[in-house]
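Trainee: I am new to this structure. Please show me how to read its features, one at a time.

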Amino acid sequence: MSQGFDLRRIDRRIIFLLVLIAVVWPLIAPLRLPMDVSPPVQRLYDRIEEIPAGSIVMLAGDYSPDTMPELQPMTETFIRHAFRNDLRLVVACLWPASPPLVERALLPLAEEFGKVEGVDYVNLGYMAGGTVTLLGMGASIPNTFPTDYGGTPVRDIPLMQEVENFDDIAFVMEVSAGTPGTREWVQQVQSRYRVSLGSGTTAVGAPNFYPYVQSGQLVGLLGGLKGAAEYETLLEYPGDATKGMDAQSVVHALIVVFIILGNIAYFAARRRERAEAR
Amino acid sequence: MGTLIWTTIGAILTLSVYSFLYKDNPFYKFAEHLVVGISAGYYLVIYYYNFIDPNVVTPVFQLRLGDQAIGFGSGAWWLALIPGLLGLLLYTRFFPRVAWVARWSLGIYVGGYAGLGISPVMQARVIEQIGANALPLTSVTNVLIVVGLLGTLAYFFFSMKHKGILGALARVGIVFLMVGFGASFGYTVMSRISLLIGRVSFLLHDWLQVV
Amino acid sequence: MRREIPLAITFLIGVFMLVDFFVPHHGVSAAAEEMKQWGTIVIAASILLGVGNLIRVHFRKIRRKSDGWGYSIMTLASMAVMLYFGGPWGTIEEGSAFNWMFLNMQVPLQSTMFSLLAFFIASAAYRAFRLRSAEAGLLLIAAIIVMLGRVPLGQFLTRGLPEKATLPWLTETIMAYPNMAAFRGILMGAALGVMAMGLRIILGIERSYLGGEK
Amino acid sequence: MERTCVALAVAALLTVSLAGTAGAQEAPVEEALLDAAPPDSVAPAAPGALAARDYLDSNDAGDKIELDWELSPDDGEGSCDVVAYRLWRSQSASSPGELVTELSPGQTHYVDQNLEPGAQYYYSITAYDGTNESAPIACAPVSGRVNLFQTTRLSILVLMAVFFALVLIFTKLAERGAELFVRRIPGLNAIEEAVGRATEMGRPVLYVPGIGEIDNIMTIASLTILSHVAKITARYETPLIVPTARAVVMSAAEEVVKQAYAEVGQPDAYNPDNIRYLSDAQFAFAGAVNGIMLREKPAANLYMGAFWAESLLLAETGFEAGAIQVAGTAMVSQLPFFVTSCDFTLMGEELYAASAYLSREPKLLGGLKGSDWMKVVTIALMALGAILNFMGFESFVNWFQTQ
């Protein structure tokens, strides 16, 4: 009993070390663990792939810093997707906190893909009014957002010359943390103007919106960090979401292994004790 | 630059706390005593500015200036004095002869919240549960819920010996409790890992800027 | 007398708050609101008791030079600094020194201590989940299923299987039924405990919190 | 057709919503009109009859009024230029008073809130096309009725009465000396063993009353248990360390422990330095308690009361320090962690039962018996509800749907 290595008395610092490695490693070098893509994410991706290059798509960022960990990866991946497929991008936000968050993802990516502000993309910033603003965009986007985030009159922006209302938008990606958000976009915009609409929401919020996916009002839905990770997988660009999910997968697996080891040790020891008892 | 300094401080403190995982050590002791001191000062100040000043000091003094401003948007100015006095009463415990007065404020506080707590608890955890669990045993899931609930409640029977039917039910209850505990243990792992990921990316991204 | 007055107060306030829940009349709810506010004030005022205790304990440690007294100086010093920055001559606005110290020292310290749980939850699992008995087995199996079912890996492991055999499905089922049933039971029992205790407090039967008999 | 109608309406509505905002936005407003609806000078037809009544007759504070009206003929059809309904409220019949709100086309219902209870109000409504407003449609003056009882909560009151009755009856019986059995609660005996062990080892006992405020019933229960534990440690002259996260709990704990030591005739053994306030900050507190565990090496750690995420931080460190650990909480989310890392755990109601059990006061035991019977009542009601539901009488269960 006393002699020999006893797994039950394994120094828990070894466990701590393994956990640390399991978390740090994927963050530094993405593992790209196999990930099954759920249908709503696949459909979203396929729909965007169908859009002919040069078309104009819209990103509606409706979230605030507290939900960034979950939603920012979606914003980044969508912008990357749009730029990769040479789609032109219009950003419009119903949440005051969103424009800077979107900007944070937009500018580096624009640089990476050599996109020109005002020609390939424009950030219209934030407009108050929620539903009223959405209806306004249905009539005239330039009138609803008179100036862009930088203060430039929208009528003077080249890209916006081609955008009057939703008829000119091939696809809308709504990244939403609450209200006004996905529900308003479906009820006010999708149902009225038959816009092709996709959405990314927090894991908590997602269940409320799957019905819209069933009914086809949403072409697809990204639910929480997992949805974002699946989207990144499809884009073959492992970002923060993938890294996060990788780390989660590894640690969860690691803990399961710990549990199994612990039990092997436990039974081995019990057998030994029985043997000694005899 | 300023941010770099603060980030570095934050990083050093973060590492000092993690050093605890190896063993108790001066860095951890430092971090521990630091945070205790800071939070003590923090709460002292915040409690004053957020509660005492706006709700007691300001109203009372405003009145003295002849302003009609009053307590918490209701009642008369002296209403603002009452909580102030109640707060002061707590300190009578340092004067043995009147120490017992300190119980008045405690009485008000505890009694008030005891009364306040009862009805919502009755509503959310008993009444609405009756509605939610009045399930005909027509589906597997309903059976699971009803049996599980009965068993757990049986386990919490105190005034009878756990024998016979009650004993059997109580054992079922334990089974459900164990499954429940195991499940929510596993369910919590994810959020705890996220916390660690958050700190690690603070170290790697914000501080070292390697990823 | 010394005991009766506080108990009488407790009773009156308790009953009033109990009634408030059933009476939509604004007069009642306004009064109740006011009293709730009083509660928060009492608590806020009490913080000085706590800090006083903290100072006393550490001061004695320092005076007696009992081991670790150096750290006690740390505690008192950092508290003094916070009080200095936050005092009447200081400010607690965004960007103030007070705010900076909170954001860059207390917040990281606290969230790091919180994140220690990632390690402890692993070591606890390793140690505690042993097949000692049938019950322990259930604990263990439920935990493993849910742990795997929550991550892409789990989804991957059971790909291709009929939906009702996949880990994600099992996870949701366990969370939605046995888990929920058990917790409803605990909550319901606990609720009765709370209400009985609450009643005893209001009636003055339960008075331990007032410092036992006297 | 429907499309353009909305477009017109919206363009005009923009003139409403943007008018009066920064000068920079005035130009686009003009354009909006050019692009969309040329402003006509004809007011839309007025909406149909407006009806106002006290809201939800019996359960509000009399500060809400419910309004219904019929659509204007020009809403969505006719000249199709209604962009908003404007609802006006006044204290006198003569003036239209103040604009309450603008409602988008198609709506026919609104609940006006935060009114002065019992006061009389005159409402009128108009249709608006962005420039012209129809003639107002008024309705009879109305006032919210102040209510004294929330009928949707009747079921709560009834069951509460039943429960209190049960508790009081059994308490009385107990006082009359009726013998009440209470099953033994394993965790409780464990407490005594733990303290005993600490004494043998000549090491202190650590008692953490949770981080709940004293208004949390779990904390009160914990203080009751504390007074019991303190009596044991006083007899054994074992040091008892009580770290707290709330100042009021700290001072209450001081009273409790001091009293307990006095009761067993050991007033001098009481050491005020062992009842400590550490920090209101959750993890600062947890960190400091961990420090105590590792440096003052208590042989028994008792966690009783309301715990949140810090539960596992404490219990794992305590285990590593080799202490016997007994926990007790009704905090469902933390039970799994205590159960897995402590030697014994008082689960949920057991925590409250413990205080009664320890005191052995018949009064308190009566409460336990009452709770048990309440369980029977609830189970019976659920069964009954299930049966009635099955037979199609939902009204019984609906009675338990409260607000």
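Trainee: How much area do chain D and chain C bury between them?

Mentor: The size of an interface is often given as the accessible area lost when the parts come together. Buried area here is the accessible area (1.4 Å probe) that two parts lose on being put together, summed over both. Chain D and chain C bury about 5,400 Å² between them, with 74% of it on carbon and sulfur atoms. This is a predicted model, in which local features need pLDDT of at least 70 and side-chain atom pairs count only at pLDDT 80 or more, while totals for chains, interfaces and linings use all residues. Residues are numbered from 1 along each chain as its sequence is written, chains are lettered from A in the order in which they are written, and side-chain values use heavy atoms, with hydrogens and water left out.

Trainee: Which residues of chain D lose the most area to chain C?

Mentor: They are D:Asp273, D:Phe283 and D:Val332, together 11% of what that side buries. D:Asp273 also forms a salt bridge with C:Arg60, the closest N and O atoms being 2.7 Å apart. A salt bridge is a side-chain nitrogen of Lys or Arg within 4 Å of a carboxyl oxygen of Asp or Glu. The count between chain D and chain C is four.

Trainee: How many salt bridges are there between chain B and chain C?

Mentor: The count there is zero. Chain B and chain C bury about 9,900 Å² between them, 82% of it on carbon and sulfur atoms. B:Trp6, B:His33 and B:Arg103 supply 7% of the area that chain B buries against chain C, more than any other three residues.

Trainee: Which residues have the most contacts inside the largest nonpolar core?

Mentor: In soluble globular proteins, nonpolar side chains tend to be buried together. A nonpolar core is a set of buried Ala, Val, Leu, Ile, Met, Phe, Trp, Tyr and Cys residues joined through side-chain atoms within 4.5 Å. Buried means under 20% relative accessible area, exposed over 50%, partly exposed in between (1.4 Å probe, protein chains only). The largest core has 237 residues, and D:Ile214 and D:Leu240 have the most contacts inside it. Contact means heavy atoms within 4.5 Å. Among the residues that D:Ile214 touches are B:Leu106, C:Tyr209 and D:Val248.

Trainee: Is A:Ile14 buried or partly exposed?

Mentor: A:Ile14 counts as partly exposed because its relative accessibility is 43%.

Definitions and conventions:
Lists of a residue's contacts leave out its neighbours within four places in sequence.
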